[in-house]
Amino acid sequence: MSTPSSRRSATTSWCCRHGAEAPEQPEKHSGRERSTMARIGFIGLGKMGSPMARNLLSAGHEVIGFDVVPAACDAHAAAGGRIAAGVAEAVADADVVITMLPTGQHVRDVYLGESGIVAVARPGTLLIDSSTIDVESARAVAEAAAAAGLAMLDAPVSGGTVGAEAATLTFMVGGPRDGFDRAAPILRTMGRTVVHAGASGNGQAAKICNNMMCGIAMIGVAEAFALAEKLGLDAQTLFDVSSTSSGQCWSLTTYCPVPGPVPTSPANKGYEAGFAAALMLKDLTLAQQAAAGSGAATPLGTAAVSLYALYVGSGRGDRDFSGIVEMLRGAA
């Protein structure tokens, strides 16, 4: 259908989110079974959204996409997707709507605006927000959707751009169980693990808690390698010891912050971002906001925010977050 330009979203440009790997949790769906074909509106076709949309197309779904960046729309069309003139057109005839946006304010605007998703979606449409945002915004949007008779899920992802391309993402999903059961087959076309985290907002809670752990752990691993260098201990030797003893963790064995021990880590590619330091800082900041609102004590999370703020402030926010070892070497 055609939608007047007055109904287009007025939000600012979107660059999409990704994160570090999340640990698997007990209640999850996995597998590659094929879902019933659906008409899907996809809003936000950036670095994460674009490959996710392509995987939906590959599974046989019809995907009507929209992004305020014309090049992103062109790429979606080249992959075989349809392009909408705006948010309202992408949503109007959709069975499912998926969004991948950068901040809670963008999500609020796109869902709750005068011609936003909640206002124009058909009754029965399933809404899935895969952005990484604050828990409060996720719950506010879900409440508004429920009041309009729409099922809403917050489903942030871990796995980064590599996982988005390979359809191996982890989805952490908050929202009603019946909505989760409807969404799981579609999410499995984009990811390897789909976990129901509980009530609305709990997907975001799982994501920011996981990434706080990851950010803290990376600083610890980077500090250890920086110290080892000062003490004349070879990086491979430290890796061989720690990867098989009490220092073992994902930040060491999968994403080692120094070149050599893990050939696929960003350290071997000049810290080209798999997950940018600026995005880690964003997630750590969201965790601190949640901690302040809930009264949780997170002293290491607070310290991690300070250190990543220094690293990003030095002009290296677009480098991989494991590159913080560069700063720690200089400070040692």
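Start by selecting Arg 177: at 35% relative accessibility, this residue counts as partly exposed. Keep in mind on this tour that the model is predicted.

**Stop 1: along helix H8**

With Arg 177 highlighted, add Asp 181 to the selection. The two form a salt bridge, and their closest N and O atoms are 3.2 Å apart. Now show helix H8, residues 177–187: Arg 177 and Asp 181 are 4 residues apart in this helix, so about one helical turn separates them. Asp 181 is partly exposed as well, with a relative accessible area of 39%.

**Stop 2: a salt-bridge network between strands**

Next, select Arg 39, Glu 62 and Arg 82. Salt bridges that share partners join these residues into one network. Which residue should you centre on? Choose Glu 62, which forms a salt bridge with Arg 39 and meets Arg 82 in another.

Look first towards Arg 39. Here the closest N and O atoms are 3.3 Å apart. Colour the strands and you will find Glu 62 in strand S3 (residues 62–66) and Arg 39 in strand S2 (residues 39–43); the pair links distant parts of the chain, 23 residues apart. Glu 62 counts as partly exposed, at 28% relative accessibility, and Arg 39 is partly exposed with a relative accessible area of 30%.

Then turn to Arg 82. The N to O distance in its salt bridge with Glu 62 is 2.6 Å. Arg 82 lies in strand S4 (residues 82–83), 20 residues from Glu 62 in strand S3, and this pair too links distant parts of the chain. At 38% relative accessibility, Arg 82 counts as partly exposed.

If you would like to keep hunting for such pairs, the count for the model comes to 7 salt bridges.

**Stop 3: where two helices cross**

For the last stop, hide the side chains and select helix H9 (residues 202–231) together with helix H13 (residues 299–316). How are two packed helices described? By the angle between their axes and the distance between the axes. For H9 and H13 the angle is about 70 degrees and the axes are 9 Å apart, which makes H9 roughly perpendicular to H13. H9 passes H13 in a left-handed crossing.

Bring the side chains back to see what touches. On the H9 side, pick Met 212, Gly 215, Ile 216, Met 218 and Ile 219; on the H13 side, they meet Leu 300, Gly 301, Ala 304, Leu 307 and Tyr 308. Colour this contact by residue class, and you will have 8 nonpolar residues, 2 polar and no charged ones.

Conventions. Residues numbered from 1 in each chain as written. Predicted model: local features only at pLDDT ≥ 70, side-chain atom pairs only at ≥ 80, totals over all residues. Heavy atoms only, no water. Axes fitted to C-alpha atoms, helices over the stretch in contact; angles between N-to-C directions. Parallel < 35°, antiparallel > 145°, perpendicular 65-115°, else oblique. Left-handed = near helix turned anticlockwise from the far one by under 90°. Contact = heavy atoms within 4.5 Å. Nonpolar A, V, L, I, M, F, W, Y, C, P; charged D, E, K, R; others polar. Salt bridge = Lys/Arg side-chain N within 4 Å of Asp/Glu carboxyl O. Buried < 20%, exposed > 50% of the residue type's maximum accessible area, 1.4 Å probe, protein only.
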